[in-house]
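Thanks, everyone. I would like to spend a few minutes on one strand and its surroundings, so please have the sequence and the model up as I talk.

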Amino acid sequence: MAENRPTPPDVDRVAASRAAVAARRARAAVKDQIAHEKRSALEVLSTAINSPDGVEGRLRVTEFLISIPAIGVTKMRRIMSQLEISPSKRLGGLGKHQRDRLRGFLSSRSRVRRGASSARLVVLAGPTAVGKGTVAGYIREHYPQVLLSVSATTRAPRPGEIEGVSYFFVDDAEFDRMVEAGELLEWAVVHNAYRYGTPRGPVEAALARGDSVLLEIDIQGARAVRRSMPQARLVFLLPPTWDELVRRLIGRGTESPAEQARRLETAKLELAAQEEFDYRVVNHDVAEAAREVVDLMNLRREPQLP
Ligand SMILES: Nc1ncnc2c1ncn2[C@@H]1O[C@H](COP(=O)(O)OP(=O)(O)OP(=O)(O)O)[C@@H](O)[C@H]1O
Ligand SMILES: Nc1nc2c(ncn2[C@@H]2O[C@H](COP(=O)(O)O)[C@@H](O)[C@H]2O)c(=O)[nH]1
């Protein structure tokens with residue numbers, strides 16, 4: 001009588017299918033652990049890196065991110081694109097730079113979450129052309145968890161600037177109205193030219209939610225914030241040298257020679273104000289300076305001046 005036992009290829013197929021089911025369950029269990037914060041996403045990433053063929057290593061980066069509380073599909077897609085990781089990638093198959101970017105994202109996110117109960121208002125100021133806008137732009141692109149306040153200004157948009165992203169471009173009458181209605185946390189005439197101000201509502205709402213906020217404003221604005229919100233951290237961005245500051249201002253090419261000379265005179269006064277600030281960061285390298293600023297958004301240590 002013919003035996004009804006599985007033949008060797010069948011045995012292989014059954015074993016393979018059981019192994020696939022077990023692997024799927026194991027991956028689901030890891031995702032569940034992340035979702036319920038029984039294991040941190042950073043721990044799971046470390047395990048995946050050490051053992052790329054293990055359960056964690058076989059997790060797709062997309063599934064991994066979606067398992068993290070408060071990351072949905074839209075946010076996940078934005079993070080994947082910011083981190084420059086293809087949706088087909090698994091945690092164990094990431095290249096070194098991708099791993100570093102993902103680790104950086106996760107650790108700054110976890111710092112932001114840990115600091116949620118003491119959300120930081122951080123002010124980034126410094127002399128003209130030191131790179132405040134460049135560093136703030138880098139933070140906007142690479143640290144989506146940081147809310148960058150969008151100022152109102154009476155100056156006209158420059159080519160490439162976007163309403164509501166670069167600034168809220170308003171006329172004098174609207175700026176007057178905002179000032180009178182108390183809608184600005186601070187405002188100032190900058191470089192003796194136009195008025196700039198920080199809309200109060202989004203900053204207060206973010207802090208109330210526990211989100212940290214970054215203001216990239218001038219020194220008069222920084223002083224005003226210090227007066228009205230003494231808990232704010234004031235960060236002064238410094239150029240590596242005076243000559244480099246001059247090179248950056250001239251190299252940017254957005255001001256006339258007369259305006260450049262005027263801004264450099266103001267820059268001397270601005271540099272003299274650095275002692276008023278809690279922290280100083282030297283902008284040698286944009287990514288490095290941005291990381292230092294983001295770190296300061298959640299540190300509880302005392303100010304460390306260089
Ligand atoms: N770390 C850096 N290394 C070299 N160049 C830099 C660096 N950071 C910024 N720059 C360049 O310096 C110039 C001035 O930068 P940016 O416009 O961001 O300065 P800013 O402080 O916002 O100036 P302002 O206050 O006048 O608006 C730009 O051309 C920018 O590309
Ligand atoms: N006091 C404030 N200063 C601000 C604000 N937003 C920007 N700024 C500062 O203005 C200058 C010039 O900026 P630019 O975009 O015209 O080159 C720069 O130093 C900014 O830091 C603000 O809301 N309040």
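How many of the residues of strand E1, residues 121-125, are buried? Five of its five residues are buried, and E1 is thus mostly covered, where buried means under 20% relative accessible area with a 1.4 Å probe and protein chains only, and where strands (E, at least two residues) and helices (H or I, at least four) are DSSP runs numbered from the N terminus. Before going on, I should say that this is a predicted model, in which local features need pLDDT of at least 70 and side-chain atom pairs count only at pLDDT 80 or more, while totals for chains, interfaces and linings use all residues. Residues are numbered from 1 along each chain as its sequence is written, chains are lettered from A and ligands numbered from 1 in the order in which they are written, and side-chain values use heavy atoms, with hydrogens and water left out.

Both faces of E1 are covered, with Leu121, Val123 and Ala125 buried on one side and Val122 and Leu124 on the other.

Turning to the neighbours, E1 pairs in the parallel sense with strand E7, residues 213-216, over four bridges, and pairing requires that DSSP finds at least two bridges between two strands. Within E7, Val213 is the bridge partner of Leu121 and Leu214 that of Val122. Strand E8, residues 233-238, also pairs with E1 in the parallel sense over four bridges, and there Leu234 stands opposite Val123.

Taken together, five strands form an open, parallel sheet in the order E2-E7-E1-E8-E9, with E2 (147-148) and E9 (279-282) as the edge strands, each pairing on one side only.

Key: Buried means under 20% relative accessible area, exposed over 50%, partly exposed in between (1.4 Å probe, protein chains only).
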